[in-house]
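Here are my notes after a pass through this one. Have the viewer open while you read, and skip around as you like.

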Amino acid sequence: AWEVGDEASDALVAIAACFVANLADMGGALAVRESGALALVLALSNESETSPQALLYAATAVQNATADPTVADDDGALGGVDARRAAKRLGELARAAGEGA
């Protein structure tokens, strides 16, 4: 069973987000958007229980996808982003990484 916070489930979600980030980076940004994967990584960036690893890959996937002008110019592409929540979560992640250094 998939449980939020379960280490194996968190790892699989992080791997999936990593795949989306890499696909978008290698010229697949439009496919990422059209397949619904962009919406999924946006949802991960807004979810308070997303693991730090999955959040990092989700943010990377959004960045890589929106680097493509076709995706970035789509008014609806980022409609699901709660920018304040995502920024807060990424700030927490950055602080945690700094503490671990």
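How much accessible surface does the protein have, and what share of it belongs to carbon and sulfur atoms? It comes to about 6200 Å², with 57% belonging to carbon and sulfur. Keep in mind throughout that this is a predicted model.

1. Overall layout. The protein has 5 helices and 0 strands, so the pattern along the sequence is simply α-α-α-α-α. Of its 101 residues, 30% are buried. Take the contacts with a separation of 6 or more: 69% of them join residues 24 or more positions apart.

2. The odd helix, α1. Check the end-to-end distance here. α1 has 29 residues, and a straight helix at 1.5 Å a residue would reach 42 Å, yet its end C-alpha atoms are only 27 Å apart. Look at G28 next: α1 bends there by about 130°. After the helix comes G36, which has a positive phi, near 95°.

3. What α1 buries. The buried residues of α1 are S9, A14, A17, V20, A21, A24, G28, A29 and V32. The bend residue G28 is thus on the buried list too. Among the elements covering these residues are α2, α3 and α4 (69-72).

4. The well-behaved helix, α3. Run the length check on residues 52-66 and you get agreement: 15 residues at 1.5 Å each should span 21 Å, and the end C-alpha atoms of α3 are 21 Å apart. Its buried residues are A54, L55, A58, A61, V62, N64 and A65.

5. The core. In soluble globular proteins, nonpolar side chains tend to be buried together. Here the largest nonpolar core has 15 residues, and the members touching the most others are V20, V32, L38, V41 and A65. Helices α1 (7-35), α2 (37-46) and α3 each supply at least two residues of this core, with α1 giving the most, 6 residues.

6. V32 as a way in. If you want one core residue to click on, try V32. Leaving aside neighbours within four places in sequence, V32 is in contact with V20, L23, A24, A37 and L38. V20 and L38 also appear with V32 among the core members that touch the most others.

7. A54 against α1. Which residues does A54, in helix α3, touch beyond four places in sequence? They are V13, A14 and A17. A54 counts as buried because its relative accessible area is 1%, under the 20% cut-off. From A54 to C18 is 36 residues in sequence, but 7.7 Å in space, C-alpha to C-alpha.

8. L44 on α2. L44 sits in helix α2. Outside its neighbours within four places in sequence, L44 is in contact with V13, A17, T50, L55 and A58. V13 and A17 are residues that A54 touches as well. The C-alpha atoms of L44 and Y57 are separated by 9.5 Å, with their positions 13 residues apart along the chain.

9. Charges. How many salt bridges does the count give? The count comes to 1. The pair is R33 and E34, whose side chains meet at 3.8 Å, N to O. R33 is partly exposed, at 24% relative accessibility, while E34 is exposed, since its relative accessible area is 58% and the cut-off is over 50%.

Terms used
Residues numbered from 1 in each chain as written. Predicted model: local features only at pLDDT ≥ 70, side-chain atom pairs only at ≥ 80, totals over all residues. Heavy atoms only, no water. Helix = DSSP H or I, 4+ residues; strand = E, 2+ residues; numbered from the N terminus. Expected span 1.5 Å × (residues − 1). Buried < 20%, exposed > 50% of the residue type's maximum accessible area, 1.4 Å probe, protein only. Core = buried A, V, L, I, M, F, W, Y, C linked by side-chain atoms within 4.5 Å. Contact = heavy atoms within 4.5 Å. Bend = angle between axes of the 7 residues up to and from the residue. Salt bridge = Lys/Arg side-chain N within 4 Å of Asp/Glu carboxyl O. Areas by Shrake-Rupley, 256 points an atom, 1.4 Å probe, with all protein chains shown as cover.
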